[in-house]
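Colleague: I'm new to this one, so could you walk me through it?
Modeller: Sure, let's look at it together and take your questions one by one.

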Amino acid sequence: MSDDLRRATLVSEGGGPAWKAQQELEAFHRRRTESVRTPQGFLALVNTQWITDRAAGPQSVWGAAGLWSPAAPGESGLRVTAQASDGVTVDGRLVEGEVVVRGKDDPRPSTVVFGPAVTGYVIHGEEGYALRVWDHTSEANQRFGSIDAFPYNPDWVVEAAFTPNPEGTTVGFEHVKSEGRTRELVVPGSITFTKDGIDYDVAAFQSGRALQLVFADATSGATTYGVGRFLFTAPRPDGSVPLDFNRAVLPPCAFSYSFNCPLPPAQNRFTVPVEAGEKNVLDTEGRLLHA
C-alpha cells in the first residue's frame, strides 16, 4: 500500500482502530523526540572513554575535568583526582583529592557533574569501566531537527510466537566499534513468524524486562539508517509476541558517534523492505545529522 493510500485510509476510518493506532504512534514519536534531547539524552553524549590500563596512571578525559584511573581490583567504577577549582562534584560533593565514582553495575551508581550543562556517569563492560560525558549544549543537540519516520503501516503489525531457549543460550552480536569481535548476549528464546509467505526466526536479547530485536532490512542504508534499527517487545503469558514495526527505533549511535551499537546478526537481516518505524535523524535543514 502506498503512503498516500495509507493516509487516505486512515482519514476515511475516522475514529477506527487504524486511526487510534496512528494517534498513539504520533504520541510515541513525540515522547521519543523529547527523550533524545534531555540532558542525558542520546544527542548529549559527547564522549565514552574506557579507562582500563592501571600502568598508564591517571589520564585526562575529553570533555571532563579531573584525572581518571581504574578503581582498585574488585571495586566498582573509576577513581577521579581533582582540585576544588576543577568544579567536579560526585554524588553531590565537591571533589578535593581522590574519590571513587561507582559504576552503573553498583546498586548505588554515582552521579558526576562537571558544570551547568555537563554531567557524567561510569558504565561497565567486558573491557572494564568507561566514563560517559554528556553535554546538553552539544553540537548534535544544537543541530538536531527531527526524527524522520514512515507513516503508520498496519501491514507491519505482526503476531509472532516465542519459544524459550535452554537457560544460558547466547548469540554472538558484533558491535559497530568492535572490529569484527562479537559479544555473547543471552537470548532467552526464538521469535518466529510468517509474513507474505516468508518464515522468520529472529534472535532478540534481554534488555531489562523487554526483548530487544536488532534488525536490518532492504531499506537499511537506502531510506533508513544503515546500521539497522531496534524493536522492543515482550512475550505474552500465552507465548505470543506482538511485533509492531511501526515502533522500530533508531539505535543510539544514530544520534551520537560515542555509542557502540550492536549490529544485526545474520538471521535478523530481512531481504524485504520494512517500511515502518523510524528512518533517520535529521538536522534543522532536513539533512542527515550523521552521514
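Colleague: Over how many bridges do β15 and β16 pair?
Modeller: This is a predicted model, so keep that in mind throughout. In it, strand β16 covers residues 198-207 and runs antiparallel to β15. One matching point between them is Ser 190, which stands opposite Ala 203 in β16. The number of bridges joining β15 and β16 is six.

Colleague: Which residue in the turn between β15 and β16 has a positive phi?
Modeller: The two strands form a hairpin with two residues between them. In that turn, one residue has a phi of about 55 degrees, and that is Asp 196.

Colleague: On the β12 side, which residue is the bridge partner of Phe 162 in β15?
Modeller: β12 and β15 run antiparallel and are joined by four bridges. One of the pairings puts Ala 161 with Thr 192 in β15. For Phe 162, the partner in β15 is Ile 191.

Colleague: How many of the seven residues of β15 are buried?
Modeller: β15 spans residues 189-195, and buried here means under 20% relative accessible area. The strand is largely enclosed by the rest of the structure, because the buried residues in it number five.

Colleague: What are the edge strands of the open sheet of six strands?
Modeller: The order is β18-β17-β16-β15-β12-β19, with antiparallel pairing. Neighbouring strands are turned against each other by 35 degrees on average, direction ignored. Each edge strand pairs on one side only, and these strands are β18 (229-233) and β19.

Colleague: There's an open sheet of four strands too; why is one side of β2 and of β7 left without a neighbour in it?
Modeller: The strands come in the order β2-β3-β4-β7, and the pairing is antiparallel. β2 (59-61) and β7 (97-101) stand at the edges, so what leaves one side of each without a neighbour is having a single partner strand.

Colleague: What does the twist in that sheet average, from one strand to the next?
Modeller: Inside the sheet, β3 and β4 pair in the antiparallel sense over four bridges. Trp 68, for instance, has Val 80 in β4 as its bridge partner. Going from one strand to the next, the twist averages 40 degrees.

Colleague: Is Ala 71 buried or exposed?
Modeller: Ala 71 is found in the loop between β3 (64-70) and β4 (78-82). Apart from residues up to four places away in sequence, it touches Arg 54, Ser 76, Gly 77, Leu 78 and Arg 79. Its relative accessible area is 3%, and the cut-off is under 20%, so Ala 71 is buried.

Colleague: What separates the C-alpha atoms of Ala 71 and Val 100?
Modeller: Along the chain, Ala 71 and Val 100 are 29 residues apart. In the model, their C-alpha atoms are separated by 6.9 Å.

Colleague: On to the rings: what kind of aromatic pair do Trp 134 and Phe 259 form?
Modeller: The structure holds 13 aromatic pairs. For Trp 134 and Phe 259, the distance is 6.2 Å centre to centre, with 65 degrees between the planes. The pair links distant parts of the chain, with Trp 134 in strand β10 (residues 128-135) and Phe 259 in the loop between β19 (240-244) and β20 (278-283), 125 residues apart. An angle over 60 degrees counts as edge-to-face, so the pair is edge-to-face.

Colleague: And why do Trp 156 and Phe 245 count as edge-to-face?
Modeller: The ring centres of Trp 156 and Phe 245 are 5.3 Å apart. Trp 156 lies in the loop between β11 (144-149) and β12 (157-164), while Phe 245 lies in the loop between β19 and β20, so the pair ties together parts 89 residues apart in sequence. Trp 156 counts as buried at 6% relative accessibility, and Phe 245 is buried at 0%. The pair is edge-to-face because the planes stand at 80 degrees.

Colleague: Which ring does Lys 104 lie over?
Modeller: Another lysine, Lys 279, lies over the face of Phe 150, at 4.8 Å from the ring centre. Lys 104 is at 4.2 Å from its ring centre, and that ring belongs to Tyr 121.

Colleague: Last one: which backbone oxygen does the side chain of Thr 48 reach?
Modeller: Thr 48 lies in strand β1 (residues 45-50). Its side chain makes a polar contact with the side chain of Arg 132 (3.1 Å). At 2.9 Å, the side chain of Thr 48 also reaches the backbone oxygen of Ser 258.

Key. Residues are numbered from 1 along each chain as its sequence is written. This is a predicted model: local features need pLDDT of at least 70, side-chain atom pairs count only at pLDDT 80 or more; totals for chains, interfaces and linings use all residues. Side-chain values use heavy atoms; hydrogens and water are left out. A polar contact is a pair of N or O atoms within 3.5 Å; within protein, one must be able to donate a hydrogen and the other to accept it, and residues adjacent in sequence count only if both atoms are side-chain atoms. Rings of Phe, Tyr and Trp (its six-membered ring) pair if their centres lie within 6.5 Å; planes under 30 degrees apart count as stacked, over 60 as edge-to-face and the rest as tilted. Buried means under 20% relative accessible area, exposed over 50%, partly exposed in between (1.4 Å probe, protein chains only). A charge sits over a ring if NZ of Lys or CZ of Arg is within 6 Å of the ring centre and within 35 degrees of the ring normal. Contact means heavy atoms within 4.5 Å. Two strands pair if DSSP finds at least two bridges between them. Axes are lines fitted to C-alpha atoms, for helices over the stretch in contact, and angles run from 0 to 180 degrees between N-to-C directions.
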